[in-house]
Amino acid sequence: MKIFSREPDTWKELQDFVSQIFKECAFETEVSKVVNLVRGKKEIDVYTEDNSSDYKLVILVECKYWNAPINQEVIHAFRTVINDLGANIGYIVSKNGFQSGCYEAVEKTNIKLVSLKELEEIYHLKWRGEMVKKYSPYSKPLLPYWLCSSSPGKTANGKVVDFNTQLLLSRAYSPVCDLALRDYFEEGIVKYPFSIPVINDNLEPTGVLEIKNDREYFDFCEKNKELALRHHKILFEEI
C-alpha cells in the first residue's frame with residue numbers, strides 16, 4: 001500500500017484512514033459531518049475541501065466496510081447526496097468491491113468507486129509532497145553538521161569531534177537530513193527497504209531500524225525530528 005502499512009480492521013478504522021489521507025494532504029477535513037439536503041439531513045462519512053486548488057474542490061466519501069460487494073442502491077443514494085450538495089467529487093471506498101452494474105451506474109458522473117488502496121494511489125503524490133513540506137524544516141538545522149561529515153567537524157571551542165560518531169549520526173538521521181536536499185520525493189529516489197542505526201543519548205548504537213515504505217519514513221521523521229538536532233548538538237558540545 002502506498003500510504004498505510006496495513007489494511008484497516010473495522011469500519012471506523014477505514015473511515016479514520018480515509019480522513020487521515022486527506023488531512024495529511026492539507027485538505028480541510030471533517031468526519032461524520034451532518035449536512036442539509038433537499039429532503040433532510042445526511043451524515044457524510046468524510047467531508048473534505050481542497051482549498052489549495054483554484055476551484056476549491058469539495059469531496060465527499062462514503063466508507064463501506066461490508067463483507068459483500070456494494071450494490072447499485074448505494075450508488076444511486078450517494079449520487080443524490082452529491083447532486084444536492086453540488087460536490088465536485090464523490091468516492092465510495094469499499095472493502096470488498098462492487099456488484100456488477102455499479103461501474104455502469106457511475107458512468108458520466110463525478111462518483112468514483114475505489115478500494116482504500118486505489119484511493120491511496122490517487123493521492124499518493126500529493127500526500128508525499130505535503131509530508132515532505134511538513135518535515136523538511138527540521139532538516140535544515142542539521143545541514144551544518146551533516147555537510148561536514150566528509151571530514152571531522154569541530155566544536156565552537158575548536159575541538160575536533162569523534163569522526164566515527166559523526167558518521168554514525170549522519171547515518172542514523174539520514175531520513176530527516178535528506179529532506180533538506182529535495183523539494184519533493186521523486187518516484188524511485190528512495191529505495192525501500194533500507195536500514196539505519198538506532199542510537200541512545202550517549203550517542204552509542206543500540207540496534208538497527210529497517211524502514212520499508214513512505215509511511216515508516218515519515219513516522220521516523222515525526223518521532224526523531226527534534227532528537228536528531230539534539231544528538232548533533234551533544235556531539236558538537238553545544239548543549
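**Exercise 1. Decide whether S32 is buried, partly exposed or exposed, and say what is unusual about its backbone.**

Start with the surface: S32 has a relative accessible area of 29%. Buried means under 20%, exposed over 50%, and partly exposed in between, using a 1.4 Å probe and protein chains only. S32 is therefore partly exposed. Next, the backbone: phi of S32 is near 55°, a positive value in a residue other than glycine. Finally, place S32 in the fold: it belongs to strand β1. Helices (H or I, at least four residues) and strands (E, at least two) are DSSP runs, numbered from the N terminus.

Before going on, a word on the ground rules: this is a predicted model, where local features need pLDDT of at least 70 and side-chain atom pairs count only at pLDDT 80 or more, while totals for chains, interfaces and linings use all residues. Residues are numbered from 1 along each chain as its sequence is written, and side-chain values use heavy atoms, with hydrogens and water left out.

**Exercise 2. Work out where A26 sits and what its phi is.**

A26 lies in the loop between α1 and β1. Its phi is positive, about 70°, although A26 is not a glycine. With a relative accessible area of 48%, A26 counts as partly exposed.

**Exercise 3. Trace how β1 is joined to β2, and then place both in the sheet.**

Take the pair by itself to begin with. Strand β1 (residues 28-37) and strand β2 (residues 40-50) run antiparallel and are joined by nine bridges; strands pair if DSSP finds at least two bridges between them. Now pick out partners: L37 is bridged to G40 in β2, and V34 to E43 in β2. The connection is a hairpin through two residues.

Then zoom out. The sheet is open, has five strands in the order β1-β2-β3-β4-β5, and its pairing is mixed. β1 and β5 (111-114) are the edge strands, each pairing on one side only. Neighbouring strands are turned by 35° against each other on average, direction ignored.

**Exercise 4. Describe how α1 packs against α4 and against the sheet.**

Helix first. The axes of α1 (residues 11-24) and α4 (residues 116-139) come within 8 Å and cross at roughly 35°. Axes here are lines fitted to C-alpha atoms, for helices over the stretch in contact, and angles run from 0 to 180 degrees between N-to-C directions. The crossing is left-handed, meaning that the near helix is turned anticlockwise from the far one by less than a right angle.

Now the residues. From α1, the contact (heavy atoms within 4.5 Å) includes L14, F17 and V18; from α4, those taking part include Y123, W127 and M131. The contact has 10 nonpolar, no polar and three charged residues.

Last, the sheet: α1 lies across β1, β2, β3 and β4 (89-94), and runs at about 160° to β3.

**Exercise 5. Is K64 buried or exposed, and what does it touch?**

K64 is in strand β3 (residues 57-64). Its relative accessible area is 14%, so K64 is buried. The K64 side chain makes a polar contact with the side chain of E62 at 3.3 Å. A polar contact is a pair of N or O atoms within 3.5 Å; within protein, one must be able to donate a hydrogen and the other to accept it, and residues adjacent in sequence count only if both atoms are side-chain atoms. Leaving aside neighbours within four places in sequence, K64 is in contact with residues including L14, I70, V74 and I92.

Conventions: Nonpolar A, V, L, I, M, F, W, Y, C, P; charged D, E, K, R; others polar.
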